[in-house]
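User: Please take a close look at one part of this model, the ligand site, and walk me through it in a connected way. I would like each term explained where you use it.

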Amino acid sequence: MMHYFTEERSVETVNARMGKDSDPRLAEVMACLVKHLHAFAKECHLTQAEWEIGIDFLTRTGQICSGERQEFILLSDVLGFSMLVDAINNRRPEGATENTVFGPFHVEDAPIRTMGENISLDGKGEPCLFEGKVIDLHGNPVEGACVDVWSDNADGFYDVQQPGIQPKWNNRGRFFTGKDGAYAFRGIKPTSYPIPDDGPVGKMLAKLGRHPYRPAHMHFLVTAPGFQRLVTHTFVGDDTYLDSDAVFGVKKTLIAPFERLEGAETLWRSPFDFVLTPA
Ligand code: BEZ
Ligand code: FE
C-alpha cells in the first residue's frame with residue numbers, strides 16, 4: 001500500500017522506497033540512518049533556519065577537504081563518532097592494549113630504523129627514550145612486529161604540517177622486533193597541540209565553548225602476522241588536557257609513565273608494553 005509523505009509516517013515512507021535488489025547491508029544501514037535522522041529532527045523540532053545552517057556547515061566542511069585535509073573525519077573525531085566506531089569494532093579481551101583514534105597525520109612507509117635510533121631530526125624538545133615489549137595475551141614476546149611511531153615536534157606540529165620547515169620524516173619511524181619482542185627508540189617527550197582549527201570544525205568548537213587541544217601523546221601502529229592491528233597512543237600522565245581531549249582519545253590504560261632521568265643526556269624514559277590480540 002502506497003503512502004504519501006506525512007510527519008508521522010516519514011520514516012516508513014522513505015524507507016519503503018528502497019529497491020528490492022539493493023545490497024542488504026546498505027539497505028539496513030540506510031534504513032537505520034533515516035530512522036535516527038528523522039528522530040533527531042523531530043526531537044529537537046529543527047527549524048528551517050537551523051536546517052540551512054546545518055547544510056551550509058556541511059557544504060563548507062566538504063569544500064575545505066583536499067588531498068591533505070579531511071575535515072569530515074575531523075568532524076567525526078570531535079563528535080566522538082570516530083572513537084565510538086573504533087570501540088564497537090575493537091572490543092578486546094582483558095589485558096590487551098586498547099585502540100584509540102588514528103588521526104590524520106600517519107604517513108605510510110616511514111623509514112625503517114634500527115632499534116634505539118633517534119626519530120627526532122630537528123633537535124627540538126626534551127629527549128625521551130621509549131621502550132618496552134610487544135607481547136601476546138600470555139606474555140610471550142612477538143617477533144617480527146612492526147612498531148610504526150609518529151609524534152608532533154616540540155612546537156606542536158607534525159612534519160607534514162610544516163613541509164620545508166621540519167625535516168621530512170621528523171619524529172617518525174618503523175621498528176621491527178626481534179626474538180625478544182623488544183622495541184626501543186629515542187624521540188621527544190610529546191607536547192599537547194591543537195587539532196587543525198582554522199576550518200568549519202574549529203569554528204564549531206569555538207561556538208560550543210570547546211578548546212581544540214589534544215593532550216600530549218606518542219602514536220603507535222603495531223602490526224604482526226596473526227594478530228589484530230593495534231592503533232593506539234601513549235599519553236603523558238600530567239597533561240592539562242588529559243580530561244578534555246578534543247577527540248576523546250584518552251583511555252586510562254594508555255597513560256604511560258614518563259620518568260625523568262637525572263644527569264643523563266636523554267631526559268626522559270617512557271616504558272610501555274603492547275599486548276596484541278590474536279586475529
Ligand atoms: C592526532 O592525534 O594526530 C589527531 C587525531 C584526531 C584529529 C586530529 C589529530
Ligand atoms: Fe596526534
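Analyst: Helices and strands here are DSSP runs numbered from the N terminus, with helices being H or I runs of at least four residues and strands E runs of at least two. This is a predicted model, in which local features need pLDDT of at least 70 and side-chain atom pairs count only at pLDDT 80 or more, while totals for chains, interfaces and linings use all residues. Residues are numbered from 1 along each chain as written, chains are lettered from A and ligands numbered from 1 in written order, and side-chain values use heavy atoms, without hydrogens or water.

The residues around ligand 1 (those with a heavy atom within 4 Å of it) include Leu74, Asp77, Phe105, Tyr193 and Val247. Both α4 (71-78) and β7 (217-223) contribute at least two residues to this shell, which by class comprises seven nonpolar, three polar and two charged residues. Among the polar contacts (N or O pairs within 3.5 Å), the side chain of Arg214 places an N or O atom 2.5 Å from an oxygen of ligand 1, that of His217 does so at 3.1 Å, and a polar side-chain atom of Tyr158 lies 3.4 Å from a ligand oxygen. Taken alone, ligand 1 exposes 270 Å² (Shrake-Rupley, 1.4 Å probe), and the protein buries 100% of that.

Asp159 belongs to the loop between β2 (146-150) and β3 (172-176), and Asp159 counts as buried (under 20% relative accessible area, 1.4 Å probe, protein chains only) because its relative accessibility is 7%.

Methods:
A polar contact is a pair of N or O atoms within 3.5 Å; within protein, one must be able to donate a hydrogen and the other to accept it, and residues adjacent in sequence count only if both atoms are side-chain atoms. Ala, Val, Leu, Ile, Met, Phe, Trp, Tyr, Cys and Pro count as nonpolar, Asp, Glu, Lys and Arg as charged, and the others, Gly among them, as polar. Buried means under 20% relative accessible area, exposed over 50%, partly exposed in between (1.4 Å probe, protein chains only).
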